[in-house]
Amino acid sequence: MAFLDTEALIIARLQAKLAAASNTARVFAASQMALIDERQQIVPAIYVVFDGYEPTQYVGNGRVQQIEQHWTITVAVRNAYGQVSGEGVRNDAEPLLALVLAALCGWTPGAEFSGMVLAPGGAPVFGEGFGYFPLHFRTRTMVRGSTT
């Protein structure tokens, strides 16, 4: 499995869970997010972002290493109700946040990975009727260097 294959697996998992829930939210990769002007974006949406990695341990002079991948899954919604308090966007985001948590907490992206665990995260961001609610996850995998 390639280093960043996890992204496609997460996207497929979320798309399947949205379809099963008859939810019309769309799932996008980070590369797609960069192309979207905020006012013209499709919402509700879920963005899957590779947020880096951290080596955790190694053996064999570094030839075999365990790494922890960091993923941010951001729920994006728009609701003009209660813009000052953010009440509308919070209400719209809640079912999607619950869906993401149920879909990814403990889920194993593949045989080479550990189950995904929720990680510490940041606060939501609000602006012009939009709300962005990040959830941070981690999973671990092994990478192997060449012996030649």
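Biologist: What makes Phe3, Leu4 and Tyr53 a nonpolar patch on the surface?

Modeller: Patches are made of residues with over 30% relative accessible area and no salt bridge (a side-chain nitrogen of Lys or Arg within 4 Å of a carboxyl oxygen of Asp or Glu); like charges are joined within 9 Å, and nonpolar side chains (Val, Leu, Ile, Met, Phe, Trp, Tyr) within 5 Å. Phe3, Leu4 and Tyr53 form such a nonpolar patch, with about 300 Å² of accessible area together, a value from the Shrake-Rupley method with a 1.4 Å probe, where for residues only the protein chains shown count as cover. This is a predicted model, in which local features need pLDDT of at least 70 and side-chain atom pairs count only at pLDDT 80 or more, while totals for chains, interfaces and linings use all residues. Residues are numbered from 1 along each chain as its sequence is written, and side-chain values use heavy atoms, with hydrogens and water left out.

Biologist: Why is leucine 4 called partly exposed?

Modeller: Buried means under 20% relative accessible area, exposed over 50%, and partly exposed in between (1.4 Å probe, protein chains only). Leucine 4 has 45%, and is therefore partly exposed. Its place is in the segment before helix 1 (5–20).

Biologist: Why does threonine 141 count as buried?

Modeller: Its relative accessibility is 7%, so threonine 141 counts as buried. Threonine 141 is placed in strand 6 (residues 130–144); helices (H or I, at least four residues) and strands (E, at least two) are DSSP runs, numbered from the N terminus.

Biologist: What lies 2.8 Å from a polar atom of the side chain of threonine 141?

Modeller: The backbone oxygen of glutamate 112 lies at that distance, 2.8 Å. A polar contact is a pair of N or O atoms within 3.5 Å; within protein, one must be able to donate a hydrogen and the other to accept it, and residues adjacent in sequence count only if both atoms are side-chain atoms.

Biologist: Which residues touch the most other members of the largest nonpolar core?

Modeller: A nonpolar core is a set of buried Ala, Val, Leu, Ile, Met, Phe, Trp, Tyr and Cys residues joined through side-chain atoms within 4.5 Å. The largest has 26 residues, of which Ile10, Leu14, Ile46, Ile73, Val75, Val100 and Leu104 touch the most other members. Helix 3 gives the largest share of this core, 8 residues. A second, separate core of 6 residues includes Phe28 and Tyr132.

Biologist: How many helices and strands does the protein have?

Modeller: The protein has 3 helices and 6 strands, and buried residues make up 36% of its 148 residues.
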